[in-house]
Structure formats: C-alpha cells, structure tokens
Amino acid sequence: MIDPWHLRGGAGALALAAALAAALPASAQPEGAALPAPTRPVDAASPARSGGDERPSPRPDRPSRSAVVLATAVAPEAEERAAPLASALDALLSDTAQDLGLSVDLAGRVASRSRPDEAELIERARSGDELVIAPSLELRGDEVELRLAVASGGSRSLRVRVERVARDDLAVRAAVMLRDLLAELDAGAAAGPASAREAPCPERCRGRLATPARSMGKATLAANATLYGGLVGFSIQRSSGSDDPRLLYPLLAVGAGIGLGGAIIIAEEWDVGVADAWYLGSGTWWPTIAGHLIYQGRFAQHAADPAQERWASGLIGGTAGITLAALGLSLGRMSEGGALMAQSGGGLGLMLGGLVEWAGRGDVQRTPIAGMGYGAALGWLAAAAAATQLDVTPSEILAIDVGAMLGGLGAAALASPLVFESPTEAQQRAWVGATAAGFLIGAGVAWRVTRPAGAGARSAGPSWNRYGLPMLGVIGESVVGSRRAPALGLGWQGAIP
C-alpha cells in the first residue's frame, strides 16, 4: 500500500481508488456500482488531514512546470483488450502528475495509442520546454508490462522505467514509477547527470516499499538438498550390504549436513530463485525414483542381491538428474511454469509408462514397475528440456494435469466392462488403449482451452486460476531510507477469479 501523503494531498488517493476500480474485471465489481470520479481539492498545496493530525508534504513547493501526458500506447492487435486498462491509466497518470506539482496540458495529448518514436519525444520536449510523459503497456498473460518514458526539455536523453506487474497492482505501481522518475529528474537537474547516475540505491529507489531479495529459493533448495543428502547416506549404507545402525545414523547425519552446506554455498554464490530450486529438485527426485523402478522391474530377478544394487541404481539416477538439471539452469533463469512442467513431466510420464507396459504384456494384474520407471525418466527429461525453451504459466500446467487425470479416469471407467471377470489379452489391451486415449485427449483439451490467444496476451473472458510455487524463508526486503530489513515468511502467491 502506498502512503497517500507521498502523493501530495487527497487527490492522489482518490485517483488511485478510481483507477483500481476501473482496472478490475467487471465480475469483481458490485452490480450497478459506479466508478468514483476523481476530484481535486480546492487548494492542492494544502496538507491533507487524517484523523485530525496534519503532516507536511514530503515535496517542497516549487513553480508549476508544464507537462503533457500522452495517451497510453498499446499493441494494435491487443488494443481492444487493453483499452479499459489504458483509459484508467491515462486518468491516473494525469491526476498523479498534477498531485506532484505539474501543470498538465490536456489539450496537447495525442489520441493515437501507437507507441511514439523516442527521438520525436525528445524533440517535442525540447521545442516546447515541457515534460513529455509517454506510457505504454503490454498484456503478458495475467500480468501487464508497464513502460514509462519521460522526456525533459533540458535534456537530450529519455528516462525510462519498465516493470512487469499484476493487473490489480497496475495503478499503484504506475503512480510510484512516475513519482520516482520525476524525483530522478529533480536530482539530475540539481546535482548534474553524473551525480544522478552515482546516487546510492536508497535515494534512487525512494518510495519502493519492498525489493526482491537475493536467492529467494534458498530455503527450498536447502530443504531438498538436506533430504536428498540423507537419502544418499541411507543408500550408501544399504548398497554396502550393512545393517549396522552404528553406521547408518552417522551416514544419515553426514549426508544431510553435506546437502545443507552445499545448498547454502550455492545460494550464496548464485542468485537461486524459488522456481530454480524446484526445477533442480525435480532433477533430484524423479530420476532417483526412475532408477529404483527400472532396476526393480528389469534387473532384480537376475541379481544376487537385488536390494543392495537397487539403492546403487537410485544413486546413479539421482546424480545424472542433478547434473542435467544444473545444465538446464545454466541456460538462464527458470520460470515458475517451467519448474512445474518439469515436476509434472515426471508424474505424467510415470503413468504413461505404466500404461505402455500393460499394453505390451496384455496383463493388467501385474504392476508395471519397469514401465513406470522408464516413463518417469523419459517424461522428466522431455519436460525439463522443454521448460528451458517454453514460456508457460503454472495455471496452464495445472490445467493440463487436471485435464489428463480426468480424461484418463473417465475413459477407464467407461471402458471398465472390458476387464470384468476373466478378460482376454485383447480386452485388456483395449481397456489400456481407451485409458491412454482419454488421458491424452484430456490433456489436449486442457491445453487448447488455456493456451494464449496471441503473443503475450490471453483471450478475453474469465481467466483460469493463477497459482505459484510455495516459497519459504526470505520472501522480500524492506527498504526505508538507508535502513534494510529482510522479510521472512512462508508464501504461496495466487489469484482466485
């Protein structure tokens, strides 16, 4: 929440409320409710009152400077969907600019919503000796990429800020971004361009309530690494053929300690996000599970000590998975949708692999252990590779998972008479084929429903639930002047339509 005192009086708070209400979907507003019209006090320089106490404005009085707020630019193919947000943003920025001491020239606004050329913005500001504020927005799924460019008459350069925010936070972030840009212009005019560039972050970031902390996935990575380290110690003890608890517990402690220490070192050395940690965790667990299943179903009957060698097979699978996941992360940051895709690929592959083995044997009474192992390994590998190349959202992956499960269960129930009493191999294969077809059709239908309508934009209408990944530990950082404090907690971000 932004303190309305920073917006010089009550007009900023009313403008924010109007813009927020206009930006919300129609379903979120009470029926018949009208948007509050932004009003301005008679004396904009007088301090606002809250509970009878008066507080001074944080910005000293200065001569009013002329400014032009251009119409918010949007992409031509998304103009119809973005028009309500763009109109609300036009009104908000005009009111916020006046609250910040500017004299806004509404007559100079151009009606076109195409993005203006940057050289033209600089020339227009210089010729009219005024500030030119050029906002633009682009729909990116459930988020909006907001770009604010400000050209000053006394400068040959633009000041630009770009942020990707949720739609509900657009009005708040737009007001803060404009205020920060104007503060940078004031600092540059007073101290010179070099001093403005070398200003410390607390001064340049004044008004920002929280900034993302480094290695936000540190706790998630540490939890996965500690558990896997303990599993490695247990596997070493089992693969050695020893059942002595005097060897087991030290190995568990050493393995967990090494895993925890390694996670802390990695998080300190690199910026590990929550999605990065979950992606690396998928490469830890699914290949390990696949190694156990493949050995148990394919090689255990020919081994002298199957339990001993099975644990070694799991270690080999886990080591290979961690290596491949680390190589995937070396290509760039992982998105939440990509991390969830890797996890989902292992689970869906496990089920499809089991169905393939059933179809090959024609016997659904035997557990398809080897098929599930091969399916988990190949499914994770394919999904993890695709996650490094595709831009997907968690809601799309969850919808595909739910669609696949519902389709498979529905088809299995409809075809269940084929496996009643004493089914033949052909009947069992027919039942497996129907189940697999329902599985794939359900996933395909869910993908078709949730896929974006265009580049970076979703089709109009109600959106699917937007889920994130759980986050544990340092979830942010509070900055007040030169003081900083970490924000600790457990979070799971999402939206309910």
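This briefing covers several helices of the structure and the residues that link them. The model is predicted. Helix α8 comes first, followed by aromatic pairs and then three single residues.

**Helix α8**

- Helix α8 runs over residues 245–269, which makes 25 residues.
- At 1.5 Å a residue, α8 should span 36 Å. Its end C-alpha atoms are 36 Å apart, so the expected span and the model agree.
- The start of α8 has a polar contact: a side-chain oxygen of Asp244 comes to within 3.0 Å of the backbone nitrogen of Arg246.
- The buried residues of α8 are Leu248, Gly255, Gly259, Ala263 and Ala267.
- An α-helix has 3.6 residues a turn, so residues three or four places apart point the same way.
- The partner of these buried α8 residues is helix α7, residues 218–239, against which they pack.

**Aromatic pairs**

- The structure has four aromatic pairs.
- One of them joins Tyr228 and Trp285 edge-to-face. The ring centres are 5.7 Å apart, with 85 degrees between the planes.
- This pair links distant parts of the chain: Tyr228 is in helix α7 and Trp285 in helix α9, 57 residues apart.
- Tyr228 has 10% relative accessibility, so Tyr228 counts as buried. Trp285, at 26%, counts as partly exposed.
- Phe234 and Trp311 also form an edge-to-face pair. Here the values are 5.0 Å centre to centre and 80 degrees between the planes.
- Phe234 lies in helix α7 and Trp311 in helix α10, residues 306–329, so this pair ties together parts that are 77 residues apart in sequence.
- Phe234 is partly exposed, with a relative accessible area of 21%. The cut-off for buried is under 20%, so Trp311, at 16%, is buried.

**Thr284 in helix α9**

- Thr284 is found in helix α9, which covers residues 274–298.
- Its relative accessibility is 8%, so Thr284 counts as buried.
- The side chain of Thr284 reaches the backbone oxygen of Leu280 at 3.1 Å.
- Leaving aside residues up to four places away in sequence, Thr284 touches Tyr228, Gly318 and Ile322.
- Tyr228, one of these contacts, is also the ring that pairs with Trp285.

**Gly321 in helix α10**

- Gly321 is found in helix α10.
- Gly321 is buried, with a relative accessible area of 2%.
- Gly321 and Leu280 are 41 residues apart in sequence, yet their C-alpha atoms are 8.6 Å apart in space.
- Leu280 also appears above, where its backbone oxygen is reached by the side chain of Thr284.
- Gly321 touches Gly283, Pro287 and Trp380, again not counting residues up to four places away in sequence.

**Met372 in helix α12**

- Met372 is found in helix α12, which covers residues 369–387.
- Met372 and Ala290 are 82 residues apart in sequence and 7.5 Å apart in space, C-alpha to C-alpha.
- With residues up to four places away in sequence left out, Met372 touches Leu293, Leu350, Gly353, Gly354, Glu357 and Thr367.

Conventions:
Residues are numbered from 1 along each chain as its sequence is written. This is a predicted model: local features need pLDDT of at least 70, side-chain atom pairs count only at pLDDT 80 or more; totals for chains, interfaces and linings use all residues. Side-chain values use heavy atoms; hydrogens and water are left out. Helices (H or I, at least four residues) and strands (E, at least two) are DSSP runs, numbered from the N terminus. The expected span of a helix is 1.5 Å times one less than its number of residues. Buried means under 20% relative accessible area, exposed over 50%, partly exposed in between (1.4 Å probe, protein chains only). Contact means heavy atoms within 4.5 Å. A polar contact is a pair of N or O atoms within 3.5 Å; within protein, one must be able to donate a hydrogen and the other to accept it, and residues adjacent in sequence count only if both atoms are side-chain atoms. Rings of Phe, Tyr and Trp (its six-membered ring) pair if their centres lie within 6.5 Å; planes under 30 degrees apart count as stacked, over 60 as edge-to-face and the rest as tilted.
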